[in-house]
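Here are a few notes on helix packing that I hope you will find handy while you have the model open. I have kept them as short numbered points.

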Amino acid sequence: MEASRPDRRRRLRRGLRGAVLRAATRFTPRGDAPLPDLRKCRRVLAVSVNFRLGNTILATVGVAALLEALPGVELDFLGGPSAAAVFASFPLRRVRVVSRRDLFSPLRLARLVRELRRERYDAALHLSTATGSFGAFLTGVSGAPHRVGCLRRGGNVYFTSTLPSPRSRHKVDQVHELLAGLGIRSDAERTWIFSDAERGWAEVCLDEALGRGRGPALAFFVGARERKGKGWPLHHFAALAEGVRRRGLHPVVFLGPEEAARAAEIRSALGSALYVQEPDVRKVAALVGACAAALTPDAGPMHLAIAVGTPTLAVFRKSNHERWGPRPPHGRVHHDPAGADPAGALEALLSLASRRGARRAASPGG
């Protein structure tokens with residue numbers, strides 16, 4: 001009974017928010033103003049406020065496409081706490097970060113709205129399909145004369161111009177579809193931009209920890225939200241760690257804040273490996289980028305591994321992998337509803353690692 005309380009509270013909040021938004025549609029614009037030509041704008045705000053790393057990384061799809069399509073436009077981004085690290089190397093004019101405290105502090109919220117309106121954006125674009133979210137609200141109060149987002153099923157609330165909700169199944173394709181409605185062609189994937197110094201640091205770090213003549217390193221992430229049914233048995237990760245060791249490969253196990261309480265259990269189960277507890281997400285990203293492949297459940301690190309270009313095997317217990325998971329050539333999904341197929345996962349992981357190793361060997365200086 002206790003485990004269901006967060007879900008009940010979440011459903012209650014959503015129900016109340018939905019009722020308020022439905023009532024608001026009686027007094028808000030229909031959202032049928034002509035769409036702006038973003039190429040003629042001087043300053044544009046892109047918004048995707050989410051408090052989880054994976055969803056912030058998904059926003060890189062839209063930001064990368066906008067930067068390419070709008071070279072003469074000053075582009076700002078407004079996102080959740082991890083946005084500063086995720087977009088640190090993107091050529092944006094400014095990255096503005098929103099915390100959970102801003103949701104519940106009228107003073108902080110009022111200050112944020114004032115700052116947004118002072119920027120005098122020509123257009124604000126909500127990159128998420130969550131039309132009743134905090135990000136949609138901030139887009140609506142940004143002060144931009146053109147405020148663009150997806151049309152809410154119950155009617156528009158926040159936007160001057162609306163786009164149809166994307167029909168695509170995958171989240172990446174939904175962003176492409178949204179931008180296409182604005183005349184911007186996009187085929188971008190989740191993206192991470194490194195500096196040469198970050199890449200060099202990661203290679204040196206792995207060489208010092210594993211030896212210069214080391215075999216390829218494979219990134220392991222074992223954490224996922226069990227309450228959401230995303231976890232995979234720890235002894236399966238242990239079996240894969242042993243399997244890669246037998247083939248001369250090195251498991252590199254990343255332990256984040258959510259795994260801190262289980263760190264001793266994870267170390268005991270997975271055995272000999274390089275264990276990384278690094279709070280700096282950019283350093284974690286650089287280390288994952290230096291690995292030959294990554295193994296991860298459906299969690300934020302899956303999106304990070306895809307973004308840094310490391311072939312990613314994502315273990316899904318649920319059938320929503322067609323919405324969130326990696327796709328060739330960036331990786332593949334291992335759908336294991338019963339949590340009983342570590343042998344198939346090992347085969348797939350080794351295949352991904354060997355393909356990247358072959359590409360590196362064929363490249364100049366590889």
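1. In this predicted model, the buried residues of helix α7 are K171, V172, Q174, V175, H176, L178 and L179. That makes seven of the ten residues in the stretch 171-180, so α7 is largely enclosed by the rest of the structure.

2. What lies over those residues? The cover on the buried residues of α7 includes two helices, α2 (53-69) and α13 (321-324), along with the strands β4 (123-126), β5 (146-150) and β6 (161-163).

3. Take α2 next. The axes of α2 and α7 are 9 Å apart and the angle between the helices is about 30 degrees. Because angles under 35 degrees count as roughly parallel, α2 and α7 are described that way. The crossing of α2 with α7 is right-handed.

4. On the α2 side, the contact with α7 uses L58, V61, G62, A65 and L66, and on the α7 side K171, V172, V175, H176 and L179. By class, these residues are seven nonpolar, two polar and one charged.

5. A second helix pair is worth a look further along the chain. Helix α11 (residues 281-289) and helix α12 (residues 300-308) have axes that come within 9 Å and cross at roughly 60 degrees, so the two are oblique to each other. Their crossing is right-handed.

6. Which residues make that contact? They are V281, A285, V288 and G289 from α11, with L304, A305 and V308 from α12. Six of them are nonpolar and one is polar, with no charged residues in the contact.

Note on methods: Residues numbered from 1 in each chain as written. Predicted model: local features only at pLDDT ≥ 70, side-chain atom pairs only at ≥ 80, totals over all residues. Heavy atoms only, no water. Axes fitted to C-alpha atoms, helices over the stretch in contact; angles between N-to-C directions. Helix = DSSP H or I, 4+ residues; strand = E, 2+ residues; numbered from the N terminus. Parallel < 35°, antiparallel > 145°, perpendicular 65-115°, else oblique. Left-handed = near helix turned anticlockwise from the far one by under 90°. Contact = heavy atoms within 4.5 Å. Nonpolar A, V, L, I, M, F, W, Y, C, P; charged D, E, K, R; others polar. Buried < 20%, exposed > 50% of the residue type's maximum accessible area, 1.4 Å probe, protein only.
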